[in-house]
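Open the structure in your viewer, keep the sequence panel visible beside it, and follow the stops below one by one.

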Amino acid sequence: MEHGKYDVIVVGAGHAGCEAAHAAAQLGSNVLLVTMNMEAIAKMSCNPAMGGVAKGQIVREIDALGGMSGIISDKSAIQFRMLNKSKGAAMWSPRTQNDRLLFSQYWRDVIEQNPNISLFQDMVSELLLDNNTVTGVKTAMGFTFSAKSVVLTSGTFMNGLIHIGRNQFGGGRMAERASTGITEQLVDLGFEAGRMKTGTPPRIDGRTLDYSKMEEQKGDEYPSSFSYLTNTPLTKQRSCYITYTNPEVHKTLQKGFNDSPMFNGTIKSLGPRYCPSIEDKINRFAERDRHQIFVEPEGWDTVEIYVNGFSTSLPADIQIEALQQIPGFENAKIFRPGYAIEYDFFPPTQLNLNLETKRVKNLFFAGQINGTTGYEEAACQGLMAGINAHMTINALPEFILSRAEAYIGVLIDDLINKGTQEPYRMFTSRAEYRILLRQDNADSRLTQKGYDIGLVTEDRYQSYLSKKEDLERLLKYIENTSIPPNEINPVLESKGTSSVDQKHKFKKLLSRPQLHTTDFDVLPTCANTLSSYSNEVKEQAEILIKYHGYIEKEKEMADKLNRFEHLIIKPDFDYSKLSSLSSEAVEKLSSIRPKTIGQASRISGVSPSDISVLLVYFGR
């Protein structure tokens with residue numbers, strides 16, 4: 001018996017699922033969000049934080065497009081920091097420490113307040129299909145729902161297996177059961193599946209810690225925010241703390257190696273390279289006598305502490321013994337031990353760039369099912385899958401971002417064309433145009449695009465236009481204003497840079513690396529004008545002036561490479577008839593089926609000479 005008809009069904013209510021449901025519903029689709037536990041919507045399963053290096057840029061991009069992760073991160077934040085401020089602007093990355101419970105609650109409020117979203121609690125055990133087109137889902141309790149498209153965002157739940165020492169039990173998260181049925185069905189349909197691993201550290205009773213033995217890490221003195229709509233930055237913040245392991249801790253951890261599922265062969269799948277477990281760190285980096293540990297509060301009104309850097313699947317008694325040898329943790333009590341979890345994923349080379357599967361029409365994958373790790377990577381995929389699920393069923397153009405437009409574009413392009421053998425994490429180094437893809441300009445890159453498809457609200461759009469006009473006006477002012485030497489020389493001398501003997505243009509002075517717009521705020525010539533602009537606008541103007549040459553060079557590079565993105569390849573093209581192509585290129589191109597020469601050039605195993613062969617064949 002059918003229990004409801006929907007335009008889009010989203011399976012899973014984690015970060016990917018919530019963004020997917022919200023996006024599709026905002027665009028006008030009638031959405032059903034199916035979750036195994038309505039008390040765990042958008043749960044922060046691992047650390048209670050959003051953003052960080054490259055990840056913060058992604059959250060800004062989600063916000064610029066009309067998604068909700070930025071707004072909810074700001075509302076639930078207990079600390080804000082802009083990372084890498086000592087480096088170039090392309091590396092600046094916003095990060096919040098969050099209240100775990102508030103984050104989940106605010107997301108649930110967003111979902112429940114949207115009249116286009118319905119909720120149902122159960123496990124989806126089967127996809128309903130008709131001639132390789134998805135038509136709905138069936139749940140474990142026997143409920144069936146029909147849909148024009150389905151977005152799978154299963155997180156770590158598909159055949160999830162939790163490990164603590166030699167103990168194993170099924171689960172998608174501690175105290176939550178695994179989901180079953182979908183993997184087996186997809187494999188029967190010809191999909192390739194794999195296994196990945198991730199982990200989480202023990203949670204500690206903060207009342208049992210001695211913070212006097214740790215280094216305090218406060219939030220920014222003048223905190224900013226993720227969302228361009230957040231007008232009230234944090235007025236109070238909670239501190240994090242830093243401490244370190246030591247040789248004694250490492251010796252204790254090594255005692256548990258024989259019982260470690262990572263070392264005794266129990267876990268065969270690969271974990272995240274850039275967020276390894278503590279036992280993996282001391283094994284791989286045996287020459288180091290200490291590793292950094294971040295002590296992070298889980299919220300405003302809880303004593304629970306997240307021990308960032310101590311992810312582990314060692315036996316619980318070893319975890320406790322080792323923890324109590326860390327400075328400040330001598331009397332630590334744990335709320336629950338750390339664990340590793342293995343789960344099913346599907347190599348993302350089986351998807352199109354709009355995140356629709358190649359084998360089943362109108363079926364979309366987003367999040368850890370695609371081999372990624374991190375809330376931010378999952379959320380941006382969910383956003384894009386939700387948009388494209390709506391677009392596809394309404395015969396609208398697919399929504400795809402290029403590598404020169406967004407970190408989101410880099411992430412999806414990497415996954416589709418290169419695949420991944422280990423949990424994929426975004427870094428600034430993955431983006432060849434990172435000077436263009438800064439956190440400060442996500443709105444100028446993407447808000448118009450989000451507005452054009454109908455996802456960005458009128459309020460967001462007007463806020464963007466207002467900021468854009470302010471920036472243009474400020475840049476013109478900086479370019480045309482001259483400052484007399486008697487005003488600027490005291491500033492120049494205090495900054496250790498050469499003084500001037502005549503009027504100089506504001507723009508030329510600001511180009512000096514020692515000077516910032518804040519240095520001009522008190523000058524009589526500039527004070528009144530600059531006071532009318534926000535710090536964000538002044539900062540962005542400064543970046544555009546200081547990095548003008550680099551920005552223009554990257555734009556030129558992007559434009560040159562972009563011409564390949566317009567050279568279309570027919571979807572049924574027979575690569576085997578080109579004898580000059582390498583056998584690996586024929587195999588990869590035939591499997592991935594790139595839509596353009598540009599996409600073909602980024603496929604792992606396709607060499608520049610292979611691209612030359614394609615260009616010659618297509619008369620280019």
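Begin by selecting Y477, which counts as buried because its relative accessibility is 17%, and the limit for buried is under 20%. Keep in mind while you look that this is a predicted model. Next add F506, which is also buried, with a relative accessible area of 0%. How far apart are the centres of the rings of Y477 and F506, and at what angle do their planes lie? The centres are 6.3 Å apart and the planes are at 85°, so the pair is edge-to-face. If you colour the helices, you will find Y477 in helix α12, which covers residues 458-480, and F506 in helix α14, which covers residues 506-510, so that the pair links distant parts of the chain, 29 residues apart.

Now move to Y547 and Y550, an aromatic pair that is tilted, with 6.4 Å from centre to centre and 50° between the planes. Y547 is partly exposed, with a relative accessible area of 24%, and Y550 is exposed, with 53%. These pairs belong to a longer list, since a search of the whole structure finds 18 aromatic pairs. For another group of rings, select Y6, F120, F143 and F145, which form one aromatic cluster.

Rings can also have a charge above them. Select R290 together with Y244, and you will see the charged end of R290 over the ring of Y244, 3.6 Å from the centre of that ring. Then select R563 and F564, where the charged end of R563 sits over the ring of F564, 4.9 Å from the ring centre.

The next stop is helix α8, residues 316-323. Which residues of helix α8 are buried? They are I318, Q319, A322 and L323. These residues cover an arc of only 125° around the axis, which puts them on the same side of α8. The spacing fits a general rule of helices. An α-helix has 3.6 residues a turn, so residues three or four places apart point the same way. To see what covers the buried residues of α8, show the elements around them, which include β10 (161-164), β13 (203-205), α6 (247-255), β17 (304-308) and β18 (334-336).

Go now to H3, which is found in strand β1, residues 2-11. H3 is partly exposed, with a relative accessible area of 34%. Leaving aside the neighbours within four places in sequence, H3 is in contact with G142, F143, T144 and F145, and two of these names, F143 and F145, you have already met in the aromatic cluster with Y6 and F120. If you draw a distance from H3 to Q113, C-alpha to C-alpha, the viewer should give 22 Å for two residues that are 110 residues apart along the chain.

Select T133 next, in the loop between β7 (124-129) and β8 (134-139). T133 is partly exposed, with a relative accessible area of 22%. Which residues does T133 touch, not counting those up to four places away in sequence? They are L128, V360, K361 and N362. T133 and K358 are 225 residues apart in sequence, while their C-alpha atoms are 11 Å apart in space.

Two loop residues deserve a look at their backbone. Most residues other than glycine have a negative phi. N84, in the loop between β4 (77-83) and β5 (93-98), has a phi near 65°, a positive value in a residue other than glycine. A175, in the loop between β11 (167-170) and α5 (182-188), has a positive phi as well, near 75°, and A175 is exposed, with a relative accessible area of 80%.

Finally, zoom out to the whole chain, which has 20 helices and 22 strands. The C-alpha atoms fill a box of roughly 80 × 70 × 55 Å, taken along the principal axes. With 620 residues, a compact globule would have a radius of gyration near 25 Å, and the chain has 26 Å, which agrees. Of the 620 residues, 57% count as buried. Among contacts with a separation of 6 or more, residues 24 or more positions apart account for 73%. To finish, show the surface: the chain exposes about 26,000 Å², and carbon and sulfur atoms supply 48% of that area.

Methods
Residues numbered from 1 in each chain as written. Predicted model: local features only at pLDDT ≥ 70, side-chain atom pairs only at ≥ 80, totals over all residues. Heavy atoms only, no water. Phe/Tyr/Trp six-rings, centres within 6.5 Å; stacked < 30°, edge-to-face > 60°. Helix = DSSP H or I, 4+ residues; strand = E, 2+ residues; numbered from the N terminus. Buried < 20%, exposed > 50% of the residue type's maximum accessible area, 1.4 Å probe, protein only. Lys NZ or Arg CZ within 6 Å of the ring centre and 35° of its normal. Arc of directions from axis to C-beta. Contact = heavy atoms within 4.5 Å. Rg over C-alpha atoms; globule rule 2.2 N^0.38 Å. Areas by Shrake-Rupley, 256 points an atom, 1.4 Å probe, with all protein chains shown as cover.
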